[in-house]
Amino acid sequence: MFFYCTTKIKNYYKVGVASSLDRIKKRLTTYKTSNPSLKIKFFSEIDGLDQDLEWSFKNKFDYYRVDKSECYKLDFDVIYKHFLKFQHKFNKLHHFWSLSKFYLSEYYIDKELDTYETFSFSETTLKDARFGYFAGFIPIADINRLGDKHDKDGNITIEAKILDINKVDLKEYRYKYTKHLKEKFYGQQYGYIGAEFKKFFDDNFKIRKKFKAKSILHVESAVNIEIFNMFEKKYKSLIKKYPKDPVGCAYWERPEQKYLDVKSFKLTKKIIDKFQGKHDIDYVLQAISSTIPRGNRKLYLETFLKIVTRFSIRAPAEIQRLIYKMEKEIENELKKVNKDKKIELAIEMQIKKSKKRIKKRHLKIVK
């Protein structure tokens with residue numbers, strides 16, 4: 001199972017679970033009917049924890065939930081950190097498997113997600129992942145079947161090749177991987193890049209482990225544990241997790257499920273302000289611009305003045321002086337507009353009076 005979070009819609013994010021990368025793509029296609037620019041902000045395999053993760057959002061962040069939907073008015077960092085702590089509690093990383101290749105999020109290298117990295121799940125990106133490339137991730141394990149023989153229990157021999165995280169610097173490995181992409185991947189035929197990726201994995205994945213299992217899928221869980229243990233040993237500061245469940249606690253009292261209930265009003269407000277998702281600036285600007293009729297100079301200036309005044313509230317002192325000057329300029333322009341409007345109205349009234357006098361004289365003559 002996979003967990004995903006969309007890019008921002010108005011002032012909330014939509015989260016959900018899907019059974020595969022293809023299913024995420026189909027969900028995204030559906031969402032785009034009402035939000036054409038929507039993409040996936042991040043996704044990860046969650047290995048059967050779908051209901052627990054979904055309920056953790058419903059229980060912990062109920063205050064921020066939009067009606068009964070899977071949309072939350074949360075800051076993105078809150079969503080992502082909650083997801084990471086949940087994953088790490090159950091000894092899992094931000095990762096996914098594609099055609100027996102383990103992809104690790106580059107978060108563990110940069111200690112943050114790329115601000116501009118989003119996913120559209122095109123056919124090309126999904127196909128590239130089957131060979132060895134998916135933007136925002138690095139491959140660190142590969143599983144292959146050895147031979148065609150079955151033992152008496154019907155098991156086959158499977159070999160897992162894993163990057164030795166304890167001996168390899170991840171930044172150096174990523175540089176080597178990026179160099180491989182430039183030389184052996186971009187612009188090449190899939191038949192060629194498949195063989196080149198195999199060579200790259202053979203050269204870099206030094207840990208070799210053999211398993212007896214019914215299929216390759218049965219080995220993925222064991223490899224997950226192997227990789228997580230190595231990471232927790234070397235990068236313990238990155239593996240922040242929710243604590244273990246207190247003895248005898250109810251489901252809703254588990255650390256990842258417990259509602260953010262704070263008795264102090266002051267502290268509650270502080271948490272709400274910190275966790276609350278902000279309106280997407282592009283959406284706000286689009287909404288504002290849609291309310292301004294073209295050619296209405298007065299309405300334009302009045303709207304602009306409201307925006308500038310709002311910005312001045314949180315502005316540093318040196319910028320407030322600049323904003324104050326802008327406000328005065330806008331107000332002066334509005335006075336001119338109002339003055340011109342009064343003159344126009346006076347002229348219109350004079351014309352109307354003149355027309356009435358002419359009409360009266362005309363009627364007298366006819367009579």
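User: Before we look at the sheet, what makes two strands count as a pair?

Analyst: Two strands pair if DSSP finds at least two bridges between them. In this predicted model, an open sheet of five strands has the order β5-β6-β7-β8-β9, and its pairing is antiparallel.

User: Why is one side of β5 and of β9 left without a neighbour in the sheet?

Analyst: β5 (95-98) and β9 (207-213) stand at the edges and each has a single partner strand, so one side of each is without a neighbour in the sheet. From one strand to the next, the twist averages 20 degrees.

User: How do you know that β8 and β9 pair?

Analyst: Pairing requires at least two bridges, and β8 (residues 156-162) is joined to β9 in the antiparallel sense over seven bridges, so the criterion is met. Within this part of the sheet, Ile 158 stands opposite Phe 211 in β9.

User: Why is the pair of Phe 3 and Phe 83 called stacked?

Analyst: The ring centres of Phe 3 and Phe 83 are 5.6 Å apart, where the limit for a pair is within 6.5 Å, and their planes stand at 10 degrees, where under 30 degrees counts as stacked; the pair is therefore stacked. Because Phe 3 lies in strand β1 (residues 2-6) and Phe 83 in helix α3 (residues 76-89), the pair ties together parts that are 80 residues apart in sequence. Both Phe 3 and Phe 83 are buried.

User: What makes the pair of Phe 119 and Phe 134 tilted?

Analyst: The centres of the Phe 119 and Phe 134 rings are also 5.6 Å apart, but their planes are at 40 degrees, which is neither under 30 nor over 60, so the pair is tilted. Phe 119 lies in the loop between α4 (107-110) and α5 (123-131), and Phe 134 in the loop between α5 and β7 (137-146), so this pair ties together parts that are 15 residues apart in sequence.

User: How do you know whether Phe 119 and Phe 134 are buried or exposed?

Analyst: Buried means under 20% relative accessible area; Phe 119 has 9% relative accessibility and counts as buried, and Phe 134, with a relative accessible area of 4%, is buried as well.

User: What makes Lys 58 lie over the face of Trp 55?

Analyst: The distance required is within 6 Å of the ring centre, together with a position within 35 degrees of the ring normal, and Lys 58 lies over the face of Trp 55 at 4.6 Å from the ring centre. Lys 41 lies over the face of Phe 76, at 5.4 Å from the ring centre.

Key
Residues are numbered from 1 along each chain as its sequence is written. This is a predicted model: local features need pLDDT of at least 70, side-chain atom pairs count only at pLDDT 80 or more; totals for chains, interfaces and linings use all residues. Side-chain values use heavy atoms; hydrogens and water are left out. Rings of Phe, Tyr and Trp (its six-membered ring) pair if their centres lie within 6.5 Å; planes under 30 degrees apart count as stacked, over 60 as edge-to-face and the rest as tilted. Helices (H or I, at least four residues) and strands (E, at least two) are DSSP runs, numbered from the N terminus. Buried means under 20% relative accessible area, exposed over 50%, partly exposed in between (1.4 Å probe, protein chains only). Axes are lines fitted to C-alpha atoms, for helices over the stretch in contact, and angles run from 0 to 180 degrees between N-to-C directions.
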